[in-house]
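Visitor: I would like to learn how to read a model such as this one, feature by feature. Could we take the general idea each time and then turn to the case at hand?

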Amino acid sequence: MTAATAAPAAAAAGQRVPVTRGYRFELVKLLSYWRIRLLIIVVWVVPAVLVSVVSHQGSLPSDTVFGRWMSSTGWAGSLVVLTFAGTYVLPLLTSVVAGDVFAIEDRLRTWRHLLVAIRSARRIFAAKALASLSVIVALVAGLACSSAAGVLTVSSGPLAGLDGQLLAPGDAAGKVALAWLCALAPTLALAGIGLLGSVTLGRSPLGLLLPALAGLAMAGAQILPLPAAVRVALPSYGYIAWRGLFTSPVQLGPLLTAVAVSLAWAAAATGLAYWLFLRRDFTAATDDRMLRRALTAGVVPLAALAAVTIGALALAAPAARGSGISQGKLQRSVAAVFAHLYVMQTRELHRPGVTSARLRAGASCSKDGGLAEPSGPGNGWRCVVTWHVPRVTNAEGQAIYQLDVTADGRYIADGDGPVQVNGYFLVRTPAGVASNPLWQFDGSVDLLATKG
């Protein structure tokens with residue numbers, strides 16, 4: 001018996017269709033839509049092609065985290081795809097799947113037939129929610145696997161983390177997989193918002209677009225100079241917090257908080273969608289009360305959840321009440337990254353080996369020439385890095401960097417001399433010719449850390 005005939009057969013026997021059978025029916029129905037099939041093909045093919053092409057270009061996306069390392073290792077390409085997907089692709093995927101799973105029944109006017117066949121609104125909701133979840137997970141897995149195919153066309157070599165340390169291929173692979181897994185949490189939050197919009201807005205195009213609009217709005221909030229507590233309290237921070245996996249020590253606080261917040265949003269939005277679905281009037285062509293319920297029972301609880309989360313973060317981490325970016329955090333991070341990349345540069349230039357501990361690197365950072373308070377994002381940061389010159393007694397080196405610090409805690413350090421240390425020149429690496437690793441580098445600070 002096929003999934004398409006299982007529901008009517010069970011109804012004819014006077015039995016309610018089990019959730020498993022309803023789930024199989026809804027999954028087959030979702031996979032029969034051309035747009036879902038097209039999405040599956042795209043996410044399993046396009047990222048691999050893009051990573052392969054971009055990695056062999058002379059100009060790399062250095063404005064994206066790990067973009068400057070795409071020609072050195074395929075693991076960087078997967079993280080670049082994850083950065084782009086978190087802003088644009090994943091919100092769109094949740095819109096197409098979760099945002100339409102209930103609304104399509106309104107457009108086709110098939111609720112009456114479905115209710116007669118399934119004989120349980122609860123089972124209908126469970127089947128549709130689980131089917132959409134399965135498709136979304138498959139799409140995310142496709143993006144992750146396809147983007148990681150760069151290791152076949154580029155290299156499976158080590159990856160330089162956001163602290164400058166080289167991660168062995170096995171360690172890099174594990175952290176890249178974990179980063180994609182963590183990004184699944186905010187995707188589930190957007191999927192819950194999609195289910196809520198699909199239930200309440202029905203045939204309205206706004207229901208289909210709601211997850212994408214919510215995702216873009218929250219991604220836009222991440223680039224605004226908002227307090228760290230507000231930033232972390234939004235599910236979109238889950239698409240950023242995975243960067244903490246590539247620092248030493250690992251920035252677990254923001255990452256675990258982002259995952260917990262995203263799962264709370266997913267549970268709340270899905271629960272509200274379920275509550276509204278059970279109270280829907282399926283006998284009427286339109287239910288005017290649904291929009292009012294969506295505002296009172298949908299928007300208000302999610303806003304309250306955000307307010308509670310913001311308050312809890314502000315109390316638990318005093319640094320979260322501000323930007324979370326301080327002079328002390330930047331100085332420690334810049335010094336650590338410089339020391340680790342100096343060791344890499346020494347090896348690539350075939351000089352006698354040195355360890356980062358022996359360099360005893362330190363940094364002194366100021367903002368806008370010392371005229372502005374040394375905290376918060378901006379492109380006016382200037383850091384002077386000092387270190388003990390190897391094998392030279394009482395000799396100290398000095399290098400200058402201009403920093404562009406973004407509101408989410410990421411910074412780009414641009415070398416400003418001396419040219420023989422952090423200027424632009426080419427070095428030979430196992431993967432081929434690359435730019436001086438000390439010329440430009442990325443870093444990240446822990447927004448929730450109290451030690452500033």
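Visitor: Where should I place Phe102 by its relative accessibility, buried or exposed?

Guide: The general idea is that a residue counts as buried when its relative accessible area is under 20%. In this predicted model, Phe102 has a relative accessibility of 0% and therefore counts as buried. Phe125, at 5% relative accessibility, counts as buried for the corresponding reason.

Visitor: How many aromatic pairs are there, and how is a pair recognised?

Guide: Two rings pair if their centres lie within 6.5 Å, and the angle between the planes then gives the class, with under 30 degrees counted as stacked and over 60 as edge-to-face. By this rule the count comes to 16 aromatic pairs. One of them joins Phe66 and Phe246, whose ring centres are 5.2 Å apart and whose planes stand at 65°, so that this pair is edge-to-face. Phe66 belongs to the loop between α3 (34–55) and α4 (74–97), while Phe246 belongs to the loop between α11 (228–232) and α12 (252–278), so the pair links distant parts of the chain, 180 residues apart. Both Phe66 and Phe246 are buried.

Visitor: What is the geometry of the pair formed by Phe102 and Phe125?

Guide: The ring centres of Phe102 and Phe125 are 5.3 Å apart with the planes at 25°, so this pair is stacked. Phe102 lies in the loop between α4 and α5 (103–108), and Phe125 in helix α7 (residues 121–147), so the pair ties together parts that are 23 residues apart in sequence. Phe102 and Phe125 also belong to one aromatic cluster together with Trp111, Tyr274 and Phe277.

Visitor: Which charged residue has its end over the ring of Phe102?

Guide: Here one asks whether the charge is within 6 Å of the ring centre and within 35 degrees of the ring normal. The charged end of Lys128 sits over the ring of Phe102, at 5.9 Å from its centre. Arg35 lies over the face of Tyr33, 4.9 Å from the ring centre.

Visitor: Which residues of the backbone deserve a look for their phi values or their peptide bonds?

Guide: For phi, one looks for positive values in residues that are not glycine, and Phe66, already met in the edge-to-face pair, has a positive phi of about 70°. Phe66 has a relative accessibility of 1% and therefore counts as buried. Arg360 likewise has a positive phi, near 50°, without being a glycine, and lies in the loop between α15 (356–359) and β3 (362–367). Arg360, however, is exposed, because its relative accessible area is 59%. For the peptide bonds, one looks at omega: the bond from Ser248 to Pro249 is cis, with omega near 0°, and Pro249 is found in the loop between α11 and α12. A cis peptide bond also joins Gly417 and Pro418, with omega about 0°, and Pro418 lies in the loop between β6 (410–415) and α16 (419–422).

Visitor: Which residues does Ser444 touch, if those up to four places away in sequence are left out?

Guide: A contact requires heavy atoms within 4.5 Å. With those sequence neighbours not counted, Ser444 touches Leu162, Thr247, Gln251, Ser333, Gly409, Arg410 and Tyr411. Ser444 is placed in strand β9 (residues 440–444), and at 9% relative accessibility Ser444 counts as buried. Gly150, in helix α8 (residues 150–153), is buried with a relative accessible area of 0%, and under the corresponding count Gly150 touches Val51, Gly74 and Ser155. From C-alpha to C-alpha, Gly150 and Val49 are 8.5 Å apart in space, although 101 residues separate them in sequence.

Visitor: How many helices and strands does the protein chain have, and what may be said of the chain as a whole?

Guide: The protein chain has 16 helices and nine strands, and its C-alpha trace spans about 90 × 45 × 30 Å along the principal axes. Of its 452 residues, 52% count as buried. Among contacts between residues at least 6 apart in sequence, 69% join residues at least 24 apart. The exposed area of the protein chain is about 19600 Å², with carbon and sulfur atoms supplying 64% of it. As for charge, the mean positions of the 36 positive and 20 negative charges are 10 Å apart.

Technical notes:
Residues numbered from 1 in each chain as written. Predicted model: local features only at pLDDT ≥ 70, side-chain atom pairs only at ≥ 80, totals over all residues. Heavy atoms only, no water. Helix = DSSP H or I, 4+ residues; strand = E, 2+ residues; numbered from the N terminus. Buried < 20%, exposed > 50% of the residue type's maximum accessible area, 1.4 Å probe, protein only. Areas by Shrake-Rupley, 256 points an atom, 1.4 Å probe, with all protein chains shown as cover. Lys, Arg positive; Asp, Glu negative; His and termini not counted. Charge placed at Lys NZ, Arg CZ, Asp CG, Glu CD. Phe/Tyr/Trp six-rings, centres within 6.5 Å; stacked < 30°, edge-to-face > 60°.
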